[in-house]
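Reader: Hello! I am new to this structure and would love a close look at a single part of it. Could you pick up the thread there and follow it outward for me?

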Amino acid sequence: MILYFSATGNNKYIAQKIAGLTADAAVSIEEYKENQICLKEGENLGIIVPTYFLELPPNMVSFLNDVTFVLPNNTYVFGVVTYGSTSGACGAHLKSVLNNKGINTDALFSIITPDTWTIAYDLSDPKQVNKILMRTEAQLAQTIEKIKKRKKGDFRTRQLPFFVKWIWDVAYQKARQTSHFHVEDSCIGCGLCKKNCPEKAIEIQNGRPVWRKDKCLVCLRCLHSCPEFSIQYGDKTAAHGQYRHEMYREVRK
């Protein structure tokens, strides 16, 4: 089983590609409703997760803590952390969470993807985005070969020690405040933001989205999926564009 969380499609694509080439199944943690994961002999347990402020997204932490795992002794357990600039302590954080569940992580990998944190990163140029996605493809192919051979070890790049999580978490908690979001007049009230929010933090009032929680994952799925690009975060995202992995199909041929 390949578990994943994907806000804008990068990790969904990676999980499905790995699953397709290893005779496995890719499952979103948002869609998995059971309280137990029970694997058969010879099956893999893979976890594909983005790096948020150098750490695991809180919803992945909660999912892993809440679910019960029943794994045969020969289960190959691996994690793939995706990143835009650094994989930070995300892999170490994942390994720590699994270790607390009594699960040993056999291998850790990292794969670069377009950084959808458009508060800081500009994704408005499709050519530049495609260059990054070509690197994604190359690293993914190398990762899949290692997974198929059940290679063990830490194969991450651009990682940082686990302790940086505690330093950066302060900044992450501030960034998670939904007061940073605003909605422009181009909003058509379609409700996709409410429907797609993994934290159920949005409701529609008078035809416009309103954040009913003080904090969210700040995954920016609402911003990148808005058909009118009406949802913004701060004052820089409007100039930095939207990103969805399926917008760049040519790299997947």
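The part I have in mind is strand β7 and what surrounds it: which residues of β7 are covered on its two faces, and what does Thr136 touch?

Author: Happy to walk through it with you, keeping in mind that this is a predicted model.

Let's begin with the strand itself. β7 covers residues 107–112, and 6 of its 6 residues are buried. Both faces are covered: Ala107, Phe109 and Ile111 lie on one side, while Leu108, Ser110 and Ile112 lie on the other.

Now for the sheet around the strand. β7 belongs to an open sheet of 6 strands with parallel pairing, and the order is β2-β1-β4-β6-β7-β8. At the edges are β2 (26–28) and β8 (153–154), each of which pairs on one side only. In general, strands of a sheet pair through backbone hydrogen bonds, either parallel or antiparallel. Here, β6 and β7 run parallel and are joined by 6 bridges. One step further along, β4 (residues 44–50) and β6 (residues 76–83) also run parallel, with 7 bridges between them. You can trace a path across these strands with your finger: Ile48 stands opposite Val80 in β6, and Val80 in turn stands opposite Phe109 in β7.

Next, the helix that touches the end of our strand. Thr136 is found in helix α4, which spans residues 126–148. Leaving out residues up to four places away in sequence, Thr136 touches Ile111 and Ile112, along with Ile14, Thr113 and Pro114. Thr136 counts as buried because its relative accessibility is 2%, and buried means under 20%. Ile132 also has its place in α4. Beyond its neighbours within four places in sequence, Ile132 is in contact with Ile112, Thr113 and Pro114. With a relative accessibility of 24%, however, Ile132 counts as partly exposed. If you would like a sense of distance, the C-alpha atoms of Ile132 and Ser225 are separated by 20 Å, and these two residues are 93 places apart along the chain.

The contact between Thr136 and Ile14 leads us to another helix. α1 (residues 10–21) packs with α4 at an angle of about 35°, and their axes are 10 Å apart. The crossing of α1 past α4 is right-handed. On the α1 side, the residues that meet α4 are Asn10, Tyr13, Ile14, Lys17, Ile18 and Leu21. Their partners in α4 are Leu133, Thr136, Glu137, Leu140, Ile144, Ile147 and Lys148. Sorted by class, this contact has 8 nonpolar, 2 polar and 3 charged residues.

Finally, let's see how these pieces fit into the nonpolar cores. The largest one has 50 residues, and those with the most contacts inside it are Leu3, Ile37, Leu64 and Phe181. Apart from this core lies another, of 17 residues, and its members include Phe109 as well as Ile14, Ile18 and Ile144. That brings together residues you have already met: Phe109 from the covered strand β7, and Ile14, Ile18 and Ile144 from the contact of α1 with α4.

In the largest core, Leu3 is a good residue to click on. Not counting residues up to four places away in sequence, Leu3 touches Val27, Ile29, Ile37, Leu45, Gly46, Ile47, Ile48, Phe63 and Phe69. Among them is Ile48, the residue that stands opposite Val80, which takes you back along the path to β7.

Definitions and conventions. Residues numbered from 1 in each chain as written. Predicted model: local features only at pLDDT ≥ 70, side-chain atom pairs only at ≥ 80, totals over all residues. Heavy atoms only, no water. Helix = DSSP H or I, 4+ residues; strand = E, 2+ residues; numbered from the N terminus. Buried < 20%, exposed > 50% of the residue type's maximum accessible area, 1.4 Å probe, protein only. Contact = heavy atoms within 4.5 Å. Axes fitted to C-alpha atoms, helices over the stretch in contact; angles between N-to-C directions. Left-handed = near helix turned anticlockwise from the far one by under 90°. Nonpolar A, V, L, I, M, F, W, Y, C, P; charged D, E, K, R; others polar. Pairing = 2+ DSSP bridges. Core = buried A, V, L, I, M, F, W, Y, C linked by side-chain atoms within 4.5 Å.
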